[in-house]
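Got your viewer open and a selection box ready? Follow along, stop by stop, and pick out what is named at each one.

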Amino acid sequence: MVGAPAIRWVVALKSEAKPIIQKLQMLPMKKGMDFPIYSDKNRCHWLIISGVGQSRSAAATNYLHRESDAPPWSAWINIGIAGYGYDSYGVLYLVDKIVSEETNFVAYPGVALATKLPRSELLTVNKPRVDYSEPSLIDMEGYAFYEAAIKFASRELLLLLKVVSDGPKSKVKILTPKKISKLILDNIENILGLVRQLENLSKLEFDRVIPPDICNQIKQKWHFTVSQKHQLNILVRRWTSVFPETKLFQKIKNQNNSKSVISSLSKDLDEYEVDWGKT
Amino acid sequence: MGEDLINTIYFEEDISEHPRTLSILAKFKTARTIPIKRFGEVFNLRNQNFRIQKSKPALILARKHSGHVLQAPGGFGIGSTENFYFSHMYNCVYDCRYCFLQGMFASANYVVFVNFEDFDIQIDRIINQYPKKTVTFFSGYDCDSLALENITGFAAHILQVFRRYPKSLLELRTKSIQVKPLTSMEPIPNCVIAYSLMPEVMSIALDNKTPSIERRIKIISILARQGWKIGLRFDPLIHGKDWQVLYKELIEGVFKVIPQESIHSVSFGPLRFPKAMHRDIFRLYPEEPLFSGPLEQRGSIVAYRQEIENEMTRFCRQTFAKFIPDSIIFQCTPEGQSVGL
Ligand code: SF4
């Protein structure tokens, strides 16, 4: 089973991805894939380079979901450069509202992370733009990334970060891959600070969603039907929240079959009086 | 509530100039404000994580368009035949593990409806529908009535409304000790300030972020001395080791400090969840000992085993009856759910 935490990065340009790949010591995955994919050695962080534009970003998000076997507790990050009308070259922004220029649809990523980073709306456009009159960051992927990733994760596990790379005073034409990498690298500590928070949330989600390991051991020892498996997961959760998990196997080891395992655990809980002074 | 507790405020564009919107926004000068069309864009959507949101909820300012005042569920009441409820807010700053809001809304963000005046119109309409009856209104069904009072000012507003209707009854249900609007005005005879209570050890485990039971009781006695009518709400009743001793101590302790003549009513009710709500809350907090107690599914509800429920309600009723007349003791058994507000 894929473990926790699980973080998935969708990045448009190789130059944007480079500082992240280096910092997290990711390596390229097998060749011959539709998009370049990197992963760290624990298979906790996966990164895909999507290329520019909404359709590539959406396709890459779906592709990474499939190729990395992304579990439901994965957090998804889209990071990249963006234009901005205000003179804030190099500043990292957390996006909390995304508007699609094409459809006018609006999306709101979650805002539960603790951060002092400045926040902004993001306008996702289909063609490069040098008109910075909108009071929004401007990119070419954000909305499509959100639309694709929200199918796999809750809003609270989606993070969009943009570094200002161009604006009225900083021309987009003079951007080079080196400059782009530096923009990301200069903000890497702030980026990783947020990623650490996402890792914790991803772990919490894992603990919430996945029944304790001992459920699998029990299922291997006795044969359970599908509905019994479901019942067992719930009973083990309830049992281990008030009795020590280490004693569970001891408790049921002499049971003959799945039915008696279930009734033994049910009986314990039925007779259990929560000691509120000790919880 | 400190400014740092809310750092995002969504507001409906439609009410951006409403005086209440402006005054609430002025209290959060450093918060990020985000205009939205309708609060549904950021509230009750699918793919939200209630548990994560609860760690840092955003505030949503909205207009309530309909359903300002609703008929209370059957089995819910403190003596009147006509019972209604209203909520100026969805969700709560506290985090009680048995709270049905966790299973009712997909979002933990706080929605505050700023158009109090539309609630007033509805209340007036309903009171006029029943000219010969005492109509009871419960505030704080989808929230805590007072917990965000320093931001919303709703209690201060609605209390003045009920001054005009001495024949009707208003219950403000709360666990909050922020009672400034109450202590700074003359008590209103047709308003009941209802406090939810449970034994302290249970409350410590279950009533996250709320004032302690001891502090609640202190505030109740201050309000009682000032002349406010008090409601005591033992709802939901929680089972556990030594529950009889714990409830006996609590009930005796309360009646020792609250004069009987201040008590408008005492109500109590068993812990009950509709089946689907229990499933959703258990999924959110599977490690929670509350769900490891002797619960069973009975028809469409999940509750303590029937004999436990009966024993607890009988015991509490008998203990209350030692201190107050039977006529002001009410058992709430709303169809399928504890109120727990
Ligand atoms: S039970 Fe009441 S006080 Fe507790 S979280 Fe729910 S609404 Fe708030």
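**An aromatic cluster in chain B**

Start by selecting B:Phe84, B:Phe86, B:Phe116, B:Phe119, B:Tyr130, B:Phe137, B:Phe154, B:Phe162 and B:Tyr165, which ring pairs link into a cluster. Keep in mind as you look around that this is a predicted model. Counted over all chains, the structure holds 33 aromatic pairs.

Zoom in on one of them, B:Phe84 with B:Tyr130: the ring centres are 6.2 Å apart and the planes meet at 50°, so this pair is tilted. What does the pair tie together? B:Phe84 belongs to strand β5 (residues 82-86) of chain B, while B:Tyr130 sits in the loop between α4 (116-129) and β9 (135-139) of that chain, so the contact of rings ties together parts that are 46 residues apart in sequence. Now colour by accessibility and check B:Phe84: is this residue buried or exposed? B:Phe84 is buried, at a relative accessible area of 6%.

**Along strand β5 of chain B**

Widen the selection to the whole of β5(B). This strand is mostly covered, with five of its five residues buried. Turn the view to see both faces: B:Glu82, B:Phe84 and B:Phe86 are buried on one side, and B:Asn83 and B:Tyr85 are buried on the other.

Next, show the strands that pair with β5(B). Strand β4 (residues 69-71) of chain B is joined to β5(B) by three bridges, and the two run antiparallel. Across that pairing, look for B:Val69 opposite B:Phe86. With β9(B), β5(B) shares five bridges, and here the strands run parallel. In β9(B), the residue opposite B:Phe84 is B:Phe137, and B:Phe84 and B:Phe137 are both members of the aromatic cluster you selected at the start.

**Another sheet in chain B**

Staying in chain B, select the open sheet of five strands whose order is β2-β1-β3-β8-β6, with mixed pairing. Its edges are β2 (32-36) and β6 (89-90), each of which pairs on one side only. Follow β1 (residues 8-12) beside β2(B): five bridges join these strands, and they run parallel. To see one bridge in detail, select B:Glu12 together with its partner in β2(B), B:Ile36.

**Charges over rings**

Select B:Arg97 and B:Tyr285 next. The charged end of B:Arg97 sits over the ring of B:Tyr285, 3.6 Å from the ring centre. Then jump to chain A for A:Lys221 and A:Trp222, where the charged end of the lysine sits over the tryptophan ring at 5.0 Å from its centre.

**Chain A: domains and a helix**

Zoom out to see chain A, which is divided into domain 1 (7-206) and domain 2 (210-278). Taken over C-alpha atoms, the centres of these domains are separated by 42 Å.

Now select helix α4 (residues 177-185) of chain A and highlight A:Ile180, A:Ser181, A:Leu183 and A:Ile184, which are buried. Look down the axis of α4(A): its buried residues fall within an arc of 155°, so they line one face of the helix. What does that buried set pack against? Its neighbours in chain A are α1 (14-23), β5 (75-84), β10 (158-166) and α5 (188-209).

**Backbone spots worth a click**

Most residues other than glycine have a negative phi, and most peptide bonds are trans. The last selections depart from that pattern.

- Select A:Ala4 and A:Pro5: a cis peptide bond joins them, with omega at about 0°. A:Ala4 lies in the segment before β1 (7-11) of chain A and is partly exposed, with a relative accessible area of 32%. Leaving aside residues up to four places away in sequence, A:Ala4 touches A:Trp73, A:Ser202, A:Lys203 and A:Phe206.
- Go to B:Asp235 and B:Pro236, where the peptide bond is cis, with omega near 10°. B:Pro236 is part of strand β13 (residues 229-237) of chain B.
- Pick A:Gln25, which has a positive phi of about 50° although it is not a glycine. A:Gln25 is in the loop between α1 and β2 (27-28) of chain A and counts as exposed, at 65% relative accessibility.
- Finish at A:Asp69, not a glycine either, with a positive phi of about 55°. Look for A:Asp69 in the loop between α2 (54-67) and β5 of chain A.

Note on methods
Residues are numbered from 1 along each chain as its sequence is written. Chains are lettered from A and ligands numbered from 1 in the order in which they are written. This is a predicted model: local features need pLDDT of at least 70, side-chain atom pairs count only at pLDDT 80 or more; totals for chains, interfaces and linings use all residues. Side-chain values use heavy atoms; hydrogens and water are left out. Rings of Phe, Tyr and Trp (its six-membered ring) pair if their centres lie within 6.5 Å; planes under 30 degrees apart count as stacked, over 60 as edge-to-face and the rest as tilted. Helices (H or I, at least four residues) and strands (E, at least two) are DSSP runs, numbered from the N terminus. Buried means under 20% relative accessible area, exposed over 50%, partly exposed in between (1.4 Å probe, protein chains only). A charge sits over a ring if NZ of Lys or CZ of Arg is within 6 Å of the ring centre and within 35 degrees of the ring normal. The arc is that of the directions from the helix axis to the C-beta atoms. Contact means heavy atoms within 4.5 Å. Two strands pair if DSSP finds at least two bridges between them. Domain bounds come from an automatic or database domain assignment.
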